[in-house]
Amino acid sequence: MKSVFQKEMDKLKSRLLLMSAYVEENLQNAVRAFLDNNVTLAEKIAESDITVNSMEVEIEEECLKILALHQPVAIDLRFLAAVLRINNELERVADQAVNICEEVTPVRDPDLHVEHARISQMASKARHMLTKCLDAFVNNDEQLAYTICTMDDEVDDLNDEIAELVIAAIQRQPAQTRSQLHVLRVARNLERVADLATNIAEMVIYINIGKIVRHNLNN
């Protein structure tokens, strides 16, 4: 029979996974809203950010309550510290989704097919990283977490490629400047999502080995 402490830890993990699913869906829909110029969907996602903020506060309060009442040690303490960090990172991913929604405009530029294709590719990679880092958390998979950390370079490369495309397009057609800047900002938001997913993966490694690796993954 599980102890009260273990039941509370399981409940905390379930809450975090519920939040992660909500955030992942918001991110996916934000990208779809941008690519489809769907203002209605963008507004809906932006409004739902209050739900994510509420989830973050509830999880943080639950973590602090467990710390105060049970004074866990060793791996349980590392788990709670990681949950606090992951909780914060997920809320920041949700903020990036809102930022993407702010780039949605009712008028679609017909000449952005190449840029939008790259945004779609970049979004797919960033979402994949987010999904997999949470899989690593659920399954306590240290090796998967290390793999996710190496994937960040692929997203960075796509961000650089999009920046080059945007600069070239503006030079060719200055009238496209406003539309191209929307693309550039969305790419930067997606690059940030990949960074946040990497942070979560690093916390999974921390849970397993008790070592903070974000400054020495290549050592």
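Q: Why is Glu 62 called buried or exposed in this predicted model?
A: Glu 62 has a relative accessible area of 8%. Buried means under 20%, so Glu 62 counts as buried.

Q: What makes the contact between Arg 15 and Glu 62 a salt bridge?
A: The side chains of Arg 15 and Glu 62 meet at 3.8 Å, N to O. The cut-off is within 4 Å, so the pair qualifies as a salt bridge. Arg 15 lies in helix H1 (residues 4-36) and Glu 62 in helix H2 (residues 39-70), so the bridge ties together parts that are 47 residues apart in sequence.

Q: Why is Arg 15 called partly exposed?
A: Its relative accessibility is 28%. Partly exposed covers the range between under 20% and over 50%, so Arg 15 belongs to that class.

Q: How do you know that Arg 192 and Asp 195 form a salt bridge, and where do they lie?
A: Their side chains meet at 3.7 Å, N to O, and the criterion is within 4 Å; the pair therefore counts as a salt bridge. Both residues lie in helix H6 (residues 177-209), 3 residues apart, about one turn of the helix.

Q: Why are Arg 192 and Asp 195 placed in their accessibility classes?
A: Asp 195, at 18% relative accessibility, is buried because the limit is under 20%. Arg 192, at 27%, is partly exposed. Elsewhere, salt bridges that share partners join Arg 15, Glu 62 and Lys 65 into one network.

Q: How many salt bridges does the rule give?
A: The count comes to 9 salt bridges.

Terms used
Residues numbered from 1 in each chain as written. Predicted model: local features only at pLDDT ≥ 70, side-chain atom pairs only at ≥ 80, totals over all residues. Heavy atoms only, no water. Helix = DSSP H or I, 4+ residues; strand = E, 2+ residues; numbered from the N terminus. Buried < 20%, exposed > 50% of the residue type's maximum accessible area, 1.4 Å probe, protein only.
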